[in-house]
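The following exercises are to be worked with the sequence and the coordinates at hand. Each task is followed by a solution that proceeds step by step.

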Amino acid sequence: MTTTTEPYGTDPAPSPLALLLLGREADPNSERGVECPGDLPAASDPDLVARARAAKEKLGDRVFVLGHHYQRDEVIEFADVTGDSFKLARDAAARPEAEYIVFCGVHFMAESADILTSERQRVVLPDLAAGCSMADMATAEQVAECWDVLTDAGIADATVPVSYMNSSADIKAFTGRHGGTICTSSNAKRALEWAFEQGEKVLFLPDQHLGRNTAVLEMGISLDECVLYNPHKPNGGLTAEQLRDAKMILWRGHCSVHGRFSVQSVDEVRERIPGVTVLVHPECKHEVVTAADMVGSTEYIIKALDAAEPGSKWAIGTELNLVRRLAGAHPDKEVVFLDRTVCFCSTMNRIDLPHLVWALESLVEGRVPNVITVDAETEKYAKAALDRMLALP
């Protein structure tokens, strides 16, 4: 046996990953980032608001600005419409006269807008680094490998994929190719009911929590009938028998914002604010959802606060920008963030006023920056999956 030793005092060469984590190197493939011809306006520029307003007025009906609920107030101020990801994509498709769709959201949302809008319209994302960690947790290669695992287990033909709207165009296209549908947090139950009419099992991706919460709390499926597929383990970390026994095959993905809330957060806010109603998003962990008083989509949360009695107390488990906006819109109610820890969506917050001003002024000057384009083949199958969702009763 031959052994190799290094001299005492010699450290092993750090790996590229270690250097990346230490901040000493960069991974050019981790984030595309925005490339600007020239510098972005300074964040401290006192004329930013005036510049955004002037550029938008010059563009007129040629531009349509979409603002997701989780965006900063400074961006929402210039949005023509606000909403969740699918509502915004549909709003864009309903404005065929708009030459440019400026999507103040994240990458998968802009992809959906490109899929649903006409060929003459161009979708602009002010910063290409505005991605979604959840969407990135399921790649086309990983999902194709998962389907091979299901095929080897003899259950692929009985399995219907259901993909959350918060997924890449590639994953939506996979879903469309295999006869599945897309869902939002508002219609996940209807999507699952439809899927179980088509097959015996569901492959739900990429958010395990929305899939589990919907299946168990709204459809009566037991936790034992849900298994977690881990794309980083051989065969997803599951045996063929486990896959055959399961009704819900959940992808190991989650939202980095909603996944931070804990049962301790719920207990702490109840102790701090007697009589508080805890309202959380279904992307939260199962134990958090079961500990809360109410659970619902972003639109559900907004409507619940609108309908709430004056003087009522609310702890909201969703993204902080939205919670702050709700608190400001309801001064007659006590509205607090569920956790004491600040919890912005970091990638959504990449879209700031300097990036929006840069994008709008570029359009005024005749340059179209950061165009999001989905190729024809991917668009065809992704749209098929989206159309199945639109056809749900």
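**Exercise 1.** Which residue in E4 is the bridge partner of Val 102? Place the strand E3 among its neighbours.

*Solution.* The model is a predicted one.

Step 1. The bridge partner of Val 102 in E4 is Val 124. This pair belongs to the contact between E3 and strand E4 (residues 122–124), which pair in the parallel sense over three bridges.

Step 2. Follow the chain between these two strands. From E3 it passes through helix H5 (residues 107–116) to E4, forming a right-handed β-α-β crossover.

Step 3. Turn to another partner of E3, strand E1 (residues 63–68). E1 and E3 are joined in the parallel sense by five bridges, and Val 63 stands opposite Tyr 100 in E3.

Step 4. Examine the side chains of E3. Tyr 100, Val 102 and Cys 104 point one way, while Ile 101 and Phe 103 point the other way. Buried here means under 20% relative accessible area. By that criterion, five of the five residues of E3 (residues 100–104) are buried.

**Exercise 2.** In what order do the five strands of the open sheet with mixed pairing lie, and which are its edge strands?

*Solution.* Step 1. The order is E2-E1-E3-E4-E14, and the pairing is mixed.

Step 2. The edges are strand E2 (81–83) and strand E14 (371–372), each of which pairs on one side only.

Step 3. At the E2 edge, E1 and E2 pair in the parallel sense over three bridges. Within this pairing, His 68 stands opposite Gly 83 in E2.

**Exercise 3.** What is the order of the strands in the open sheet whose pairing is parallel?

*Solution.* Step 1. Five strands follow one another as E6-E5-E7-E9-E8, with parallel pairing.

Step 2. Strand E6 (181–183) and strand E8 (226–229) are the edge strands, each pairing on one side only. From one strand to the next, the twist averages 25 degrees.

Step 3. Inspect one pairing of this sheet. Strand E5 (residues 159–164) and strand E7 (residues 201–205) run parallel and are joined by five bridges; Val 160 has Val 202 in E7 as its bridge partner.

**Exercise 4.** How many cavities of 30 Å³ or more does the structure hold, and which residues lie nearest the centre of the largest?

*Solution.* Step 1. Rolling a probe the size of a water molecule over the atoms shows where empty space is left.

Step 2. The structure holds one cavity of 30 Å³ or more. The volume of the largest cavity is about 320 Å³.

Step 3. Its lining comprises 28 residues, and those nearest the centre are His 68, Tyr 70, Met 109, Asn 166 and Glu 283. His 68 is also the residue opposite Gly 83 in Exercise 2.

Step 4. Helix H4 (85–93) and H5 each supply at least two lining residues. By class, the lining has 13 nonpolar, 12 polar and three charged residues.

**Exercise 5.** Which helix supplies the largest share of the lining of the second largest pocket?

*Solution.* Step 1. The second largest pocket contains about 240 Å³ of space.

Step 2. Among the residues that line this pocket are Asp 84, Phe 86, Lys 87, Arg 90, Arg 190 and Glu 299.

Step 3. H4 and helix H16 (376–390) each supply at least two lining residues. The largest share, three residues, comes from H4.

Step 4. The lining of the second largest pocket divides into four nonpolar, three polar and five charged residues.

How values were computed
Residues are numbered from 1 along each chain as its sequence is written. This is a predicted model: local features need pLDDT of at least 70, side-chain atom pairs count only at pLDDT 80 or more; totals for chains, interfaces and linings use all residues. Side-chain values use heavy atoms; hydrogens and water are left out. Buried means under 20% relative accessible area, exposed over 50%, partly exposed in between (1.4 Å probe, protein chains only). Helices (H or I, at least four residues) and strands (E, at least two) are DSSP runs, numbered from the N terminus. Two strands pair if DSSP finds at least two bridges between them. A crossover is right-handed if, with the strands pointing away from the viewer, the path from the first strand over the helix to the second runs clockwise. On a 1 Å grid over the protein atoms alone, a cavity is a set of points where a 1.4 Å probe fits but cannot get out, and a pocket is an open set with protein on both sides within 12 Å along at least five of seven lines; lining residues have an atom within 4 Å of a point. Grid points are joined across faces, edges and corners, and a volume is the space filled by probe spheres set on the points. Ala, Val, Leu, Ile, Met, Phe, Trp, Tyr, Cys and Pro count as nonpolar, Asp, Glu, Lys and Arg as charged, and the others, Gly among them, as polar. Axes are lines fitted to C-alpha atoms, for helices over the stretch in contact, and angles run from 0 to 180 degrees between N-to-C directions.
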